[in-house]
Amino acid sequence: MALLQTFLKLRGSAQSVTRAWGCAPVMVGSKRCQHTAPQDTCNWQLLDDCFELRYGGLVMHFNYVWLRDHCRSASCYNSKTNQRNLDTGSIDLDIRPTKTRVDEENLFLTWPDGHITRYNLAWLVKNSYEGQKLSAIQPRILWNSEIYTNAKVPSISWEKFMSCDEELKTFLNNFLLYGIAFVEDVPATIDATETVTKRVSIIRETIYGRMWSFTSDFSRGDTAYTKLALDRHTDTSYFQEPCGIQVFHCLRHEGTGGRTLLVDGFYSANKVLEQSPENFELLSRVPIKHEFIETLGNHSNHMIGIGPVLNVYPWNNEVYMIRYNNYDRAVINTIPHSVAQRWYVAHRQLTDELRKPENELWVKLKPGKVLFIDNWRVLHGRESFTGLRQLCGCYLTRDDVLNTARSLGLQA
Ligand SMILES: C[N+](C)(C)CCCC[C@H](N)C(=O)O
Ligand SMILES: O=C(O)CCC(=O)C(=O)O
Ligand SMILES: [Fe+2]
């Protein structure tokens with residue numbers, strides 16, 4: 001759908017696209033393609049190092065080995081298992097097609113051994129680098145407190161959530177768009193929290209257990225197990241793959257304070273990108289370490305995670321994960337002194353953005369209200385509190401949550 005929109009948006013500008021040809025065309029062709037707009041033609045050229053295709057307002061370049069590798073014929077690709085049969089290692093790296101033909105909907109290439117590949121033109125648009133570059137892997141709505149509040153995202157109630165797939169789909173759609181979502185009226189027990197969680201996906205067991213429930217008893221070597229305030233952070237930044245989703249359910253609180261703070265890390269990252277691309281680049285290129293060291297009675301834990309603060313897809317600069325935990329950030333020894341100052345400046349800019357009061361969403365978690373947080377995107381924190389407060393929850397594996405979303409027809 002998104003691609004189709006891109007496609008439609010760009011089509012009008014096709015005529016104005018100009019480009020200096022990289023190398024002398026060997027062969028050119030042109031075909032009016034009836035299935036789109038009347039004047040939507042598709043032009044192609046066999047260049048020395050790639051096949052150039054102009055179609056649907058895009059100028060696309062396909063490497064020849066790529067084209068051979070992506071043959072979807074029955075002998076090259078098993079469409080029952082969606083797996084490649086073709087041995088990529090057997091393709092001549094200097095391969096070129098011997099014949100090219102285009103009809104209304106398809107491109108046909110004949111290879112030196114006589115094998116013919118048919119590519120649907122819309123498939124090529126969708127799967128081209130140029131097409132991919134224009135669309136987001138994950139469409140999102142970046143938010144500050146006002147944007148999120150004005151969006152009036154509805155909470156889903158437990159009964160409907162458990163019984164109706166459409167409700168689960170709405171919930172996941174909101175979760176993917178905003179990075180947070182709530183289920184209300186859940187029985188205030190660990191079991192019910194587990195049930196509601198399993199409706200979404202598979203629980204990720206960690207050093208904290210599967211389902212956990214904690215109070216301020218300092219049973220683990222971490223500030224979370226106290227009554228102290230916690231500044232905004234992502235959890236398990238010290239895992240090589242930080243947990244994708246965090247679930248919180250406050251089962252009881254007899255006291256004051258203890259509100260939960262939520263901040264959209266991608267909103268702030270985007271501000272850094274807009275204001276200072278160099279700072280964004282530093283935060284996305286320079287790897288740092290996070291660490292968790294804990295000594296329990298007869299057992300100890302030492303976790304280390306290495307990666308940049310901002311993890312981005314290099315082809316479109318889309319952020320897909322933020323690691324931000326000033327408590328758990330380890331000694332920095334992965335940055336040469338010549339870069340350290342600039343990195344701290346960049347980190348400060350991101351910190352300033354994350355700390356702007358207008359970016360803070362404060363919620364008081366009450367028994368019955370289960371919060372799902374995208375731990376790769378939305379930072380959480382808490383206000384200090386008094387009295388007995390019991391919080392339960394768990395982590396989810398990200399791949400499996402996205403899998404559920406895709407199975408319901410969502411883009412994830
Ligand atoms: C959620 N639970 C209480 C189980 C664990 C808390 C882990 C806290 C740790 N500093 C981190 O940020 O990962
Ligand atoms: O107590 C809270 O509200 C959250 C503490 C925390 O950051 C955590 O458990 O990960
Ligand atoms: Fe946390």
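**Reading the iron site, a sheet, a helix pair and two unusual phi angles**

Modeller: Asp 235 and His 380 are both buried, and since this is a predicted model, that statement describes computed coordinates.

Colleague: Which protein atoms are the donors of the iron ion (ligand 3)?

Modeller: The idea is to list the donor atoms and then to see where they fall along the chain. The protein donors here are His 233 through NE2, Asp 235 through OD and His 380 through NE2, lying 2.1 Å from the iron ion (ligand 3). Along the chain these donors follow the spacing H-x1-D-x144-H. Asp 235 belongs to the loop between strand 14 (230–233) and strand 15 (245–254), whereas His 380 is in strand 23 (residues 378–382), so the pair ties together parts that are 145 residues apart in sequence.

Colleague: In what order do the three strands of the open sheet come, and how are they paired?

Modeller: One reads a sheet by following the pairing from one edge to the other. In this case the order is 7-8-9 and the pairing is antiparallel. Strand 7 (99–102) and strand 9 (116–120) are the edge strands, each pairing on one side only, and neighbouring strands are turned by 15° against each other on average, direction ignored. Five bridges join strand 8 (residues 106–110) to strand 9, and Leu 109 stands opposite Thr 117 of strand 9.

Colleague: At what angle do helix 9 and helix 10 pack?

Modeller: For a helix pair, the angle and the distance between the axes are read together. Helix 9 (residues 265–275) and helix 10 (residues 277–285) pack at about 130°, with their axes 5 Å apart, which makes helix 9 oblique to helix 10. Helix 9 makes the contact through Ala 269, Val 272, Leu 273 and Gln 275, and helix 10 through Pro 277, Asn 279 and Phe 280. The residues of this contact divide into five nonpolar, two polar and no charged.

Colleague: Which sign does phi have in most residues other than glycine?

Modeller: In most such residues phi is negative, and two residues of this model can be read against that background. Asn 82, which is not a glycine, has a positive phi of about 55°; this residue sits in the loop between strand 5 (77–78) and strand 6 (83–84). Lys 152 likewise has a positive phi, near 45°, and lies in the loop between helix 5 (145–151) and strand 10 (156–157).

Colleague: Are Asn 82 and Lys 152 buried or exposed?

Modeller: Asn 82 counts as exposed because its relative accessibility is 54%, and Lys 152 is exposed with a relative accessible area of 65%, the cut-off for exposed being over 50%.

Note on methods: Residues numbered from 1 in each chain as written. Chains lettered and ligands numbered in written order. Predicted model: local features only at pLDDT ≥ 70, side-chain atom pairs only at ≥ 80, totals over all residues. Heavy atoms only, no water. Pairing = 2+ DSSP bridges. Helix = DSSP H or I, 4+ residues; strand = E, 2+ residues; numbered from the N terminus. Axes fitted to C-alpha atoms, helices over the stretch in contact; angles between N-to-C directions. Parallel < 35°, antiparallel > 145°, perpendicular 65-115°, else oblique. Contact = heavy atoms within 4.5 Å. Nonpolar A, V, L, I, M, F, W, Y, C, P; charged D, E, K, R; others polar. Donors = N, O, S within 2.8 Å, 3.2 Å for Na, K, Ca; no water. Buried < 20%, exposed > 50% of the residue type's maximum accessible area, 1.4 Å probe, protein only.
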